[in-house]
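Here is a short report on one protein chain. Keep the sequence and the 3D view open as you read.

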Amino acid sequence: MTPGPDTLGSDKRPDRISGMFDAIAPRYDLLNHLLSGGLDVRWRRKAVQALDLRGGETVLDLCAGTGDLAIAVANRDPGPCLVVGIDRSGEMLKIGREKLAWRRLVGRVRLVQGDAMSLPLDSGSVDAAAVAFGIRNVQRPEVAFAEVFRVLRPGGRFAILEFGLPRTPVVRRAYLAYSHHVLPRIGSLVSGHASAYTYLPASVDTFPEPERVIESLGATGFSQVRADPLALGIVYLYSAFKQPRS
């Protein structure tokens, strides 16, 4: 049985989440660009910049979806990187592989089906990591943070893009009206999957405040943790650093 709107934000069992994204995969990219007014491209670019890549690194794209963040990393200057994208949704990854083939990036991006809470990577095997609009869909984000810390080499950076709730009252009210009334209707109409686009705003409502995310990253072992609001606080860019061994 599909959960009702009152439980969608908190029901993040991995199989349910991956099944939901399998169902909306064909229209996912279109709706991302449509519902964000195209700003999602700029936000991903900022996340890539936060990684401070120099070229030649191995980069983890967590909750990779259809690979837009991985593609942004692979296309950056200076110098190519190897990107490993991991996601539970097979249908999202299928579309991602088609996009890689079309862009001739197959040799620079590898998409793997896997769980953010149990990454199929060796410890200390990546130089940087990022996740764009996916960490709130993980059942236990703190476990995913620990996994990223494990696979990240000392000196590596971690960037997180995630939706938030604006703190300015007028902006907050306008955003909530849009996310709870306009977004679900457009999402349902375009994707044909009403519950998914009821879940998405509910998942933003239940995601921890920036202070709690910062605290969780710090408790994992990350340092230099910060949260920068984008688009009046509709989105936050979190950045964190794994200290080199002394």
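Start with helix 3, which gives the second largest pocket the largest share of its lining: five residues. Keep in mind that this model is predicted.

**The pocket**

Helix 3 spans 39-50, and helix 4 spans 68-74; each supplies at least two residues of the lining. In total, 14 residues line the second largest pocket. Those nearest its centre are Val41, Arg45, Asp68, Ile71 and Ala72. The space inside comes to about 340 Å³. What classes of residue make up the lining? The table sorts them.

| Class in the lining of the second largest pocket | Count |
|---|---|
| Nonpolar | five residues |
| Polar | three residues |
| Charged | six residues |

**Two paired strands**

Now find strand 2, residues 82-87, and strand 3, residues 109-113. In which sense do strand 2 and strand 3 pair? They are parallel, and five bridges join them. Within this pairing, Gly85 of strand 2 stands opposite Leu111 of strand 3. The chain leaves strand 2, runs through helix 5 (residues 90-103) and arrives at strand 3. This β-α-β crossover is right-handed.

**One histidine**

Next, look at helix 7, residues 169-191, where His181 is found. Is His181 buried, exposed or partly exposed? Its relative accessible area is 47%, so His181 counts as partly exposed: buried means under 20%, and exposed means over 50%. Now find Pro201. His181 and Pro201 are 20 residues apart in sequence. In space, their C-alpha atoms are 9.5 Å apart.

Conventions: Residues are numbered from 1 along each chain as its sequence is written. This is a predicted model: local features need pLDDT of at least 70, side-chain atom pairs count only at pLDDT 80 or more; totals for chains, interfaces and linings use all residues. Side-chain values use heavy atoms; hydrogens and water are left out. Two strands pair if DSSP finds at least two bridges between them. Helices (H or I, at least four residues) and strands (E, at least two) are DSSP runs, numbered from the N terminus. A crossover is right-handed if, with the strands pointing away from the viewer, the path from the first strand over the helix to the second runs clockwise. On a 1 Å grid over the protein atoms alone, a cavity is a set of points where a 1.4 Å probe fits but cannot get out, and a pocket is an open set with protein on both sides within 12 Å along at least five of seven lines; lining residues have an atom within 4 Å of a point. Grid points are joined across faces, edges and corners, and a volume is the space filled by probe spheres set on the points. Ala, Val, Leu, Ile, Met, Phe, Trp, Tyr, Cys and Pro count as nonpolar, Asp, Glu, Lys and Arg as charged, and the others, Gly among them, as polar. Buried means under 20% relative accessible area, exposed over 50%, partly exposed in between (1.4 Å probe, protein chains only).
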